[in-house]
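Welcome, and thanks for taking a look at this one. Please open the sequence and the structure side by side, and keep them at hand for the points below.

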Amino acid sequence: MVDAHCHLNFHAFEKDCDLVVKRAIDAGVEAIINVGTSIESSQKAVDLAQKYQNLYAIVGIHPHHADKIAKDWDKEIDKLAKMPKVVGIGEVGMDYYNYKSNGITDPKAQRKIFERQIEISIENKIPLQIHGRHAGKDIIKIVSRYKKRLLPIPGVFHCFAGNLDYLEKVLAMGFYVGFDGNITYKGFALGEDTALPELVAHTPLERLITETDAPFLSPEPHRGSRNEPSYVIIVGNSIAKIKNTSFDEVNRITSDNARKIFKI
Ligand SMILES: [Zn+2]
Ligand SMILES: [Zn+2]
């Protein structure tokens, strides 16, 4: 199984990264992709990919940080995109959720860095890993404008949430869809009207990948504590249950998908 989106590059794993990686491998995780949200955390993801055989990196600036970027930020991301074991540009996108910590980042600034990073992904021929929250319509609008230039497999909408119409549009554009431990939670996420298991059920396995977003979104029964890549097995089991198939089938197909998208 592959954890196609997590953050071992964050402070939460500073002390025991070795153990966390070992637990994941022992649990049957064959590859872990660490994703950047800033220049600093992207560089850290690249460093970790150098240190551990099964680790890969995705580099980019998260929409949260769109209003606090340095002048030549895009040159830095482009440089990082060319490093060994960098398999994508992310997490990039649009986010209109009103966060307690920093509210909503200026949408214009978000859009500007999102568009530039779509270009960097096209120029470097590596896929996008898109982060979206309550911004589906605008993301579709922005990404559609690049339709002709995107890679044959343009990338992944990570930690997917939204409604069935949005999901259809994402699949129609050729993107894959990533699901995380929050598919094990009961009820709807704040501001959403479609349950995540319903979205999983409507995503063909051939277009689905597994992720954790560790240290966030621990699956049940670990909800509330630090998430880690070994728990991607729980995500796989949950998907198997929703789709009424075996874990082995989910493991085989989603791992193939991740290898195909990210060329790992
Ligand atoms: Zn995200
Ligand atoms: Zn993330």
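The briefing below goes from the overall fold to one helix and then to the metal site.

This is a predicted model. Its chain of 264 residues has a radius of gyration of 17 Å, in agreement with the value near 18 Å that a compact globule would have. Two places deserve a closer look: helix α3, with its buried residues along one face, and a pair of zinc ions 3.6 Å apart.

**Overall fold**

- The chain is built from 9 helices and 8 strands.
- Taken along the principal axes, the box filled by the C-alpha atoms is roughly 45 × 40 × 40 Å.
- Of the 264 residues, 56% are buried.
- Among contacts with a separation of 6 or more, 73% are between residues 24 or more positions apart.
- The accessible surface is about 12,000 Å², and carbon and sulfur atoms account for 53% of that area.

**Helix α3**

- Helix α3 spans residues 73-81, and its buried residues are W73, D74, I77, L80 and A81.
- Looking down the axis of α3, you will find these buried residues within an arc of 125°, so they line one face of the helix.
- As background, an α-helix has 3.6 residues a turn, so residues three or four places apart point the same way.
- The exposed residues K75 and K79 sit on the face of α3 turned away from the buried side.
- What do the buried residues of α3 pack against? Their partners are two helices, α2 (39-51) and α4 (107-124), and two strands, β3 (55-59) and β4 (86-95).

**The zinc site**

- Which protein atoms are donors to the zinc ion (ligand 1)? They are OE of E91, ND1 of H131 and NE2 of H158, at 2.0 to 2.1 Å from the ion.
- Along the sequence, these donor residues follow the spacing E-x39-H-x26-H.
- E91 coordinates both the zinc ion (ligand 1) and the zinc ion (ligand 2), which are 3.6 Å apart.
- E91 lies in strand β4 and H131 in strand β5 (residues 128-133); the two are 40 residues apart, so this pair links distant parts of the chain.
- Is E91 buried or exposed? With a relative accessibility of 3%, E91 counts as buried, because the cut-off for buried is under 20%.
- H131 is also buried, at a relative accessible area of 11%.

**Where the two topics meet**

- Strand β4 appears in both stories: the buried residues of α3 pack against β4, and E91 is in β4.

Definitions and conventions
Residues numbered from 1 in each chain as written. Chains lettered and ligands numbered in written order. Predicted model: local features only at pLDDT ≥ 70, side-chain atom pairs only at ≥ 80, totals over all residues. Heavy atoms only, no water. Buried < 20%, exposed > 50% of the residue type's maximum accessible area, 1.4 Å probe, protein only. Helix = DSSP H or I, 4+ residues; strand = E, 2+ residues; numbered from the N terminus. Arc of directions from axis to C-beta. Contact = heavy atoms within 4.5 Å. Donors = N, O, S within 2.8 Å, 3.2 Å for Na, K, Ca; no water. Rg over C-alpha atoms; globule rule 2.2 N^0.38 Å. Areas by Shrake-Rupley, 256 points an atom, 1.4 Å probe, with all protein chains shown as cover.
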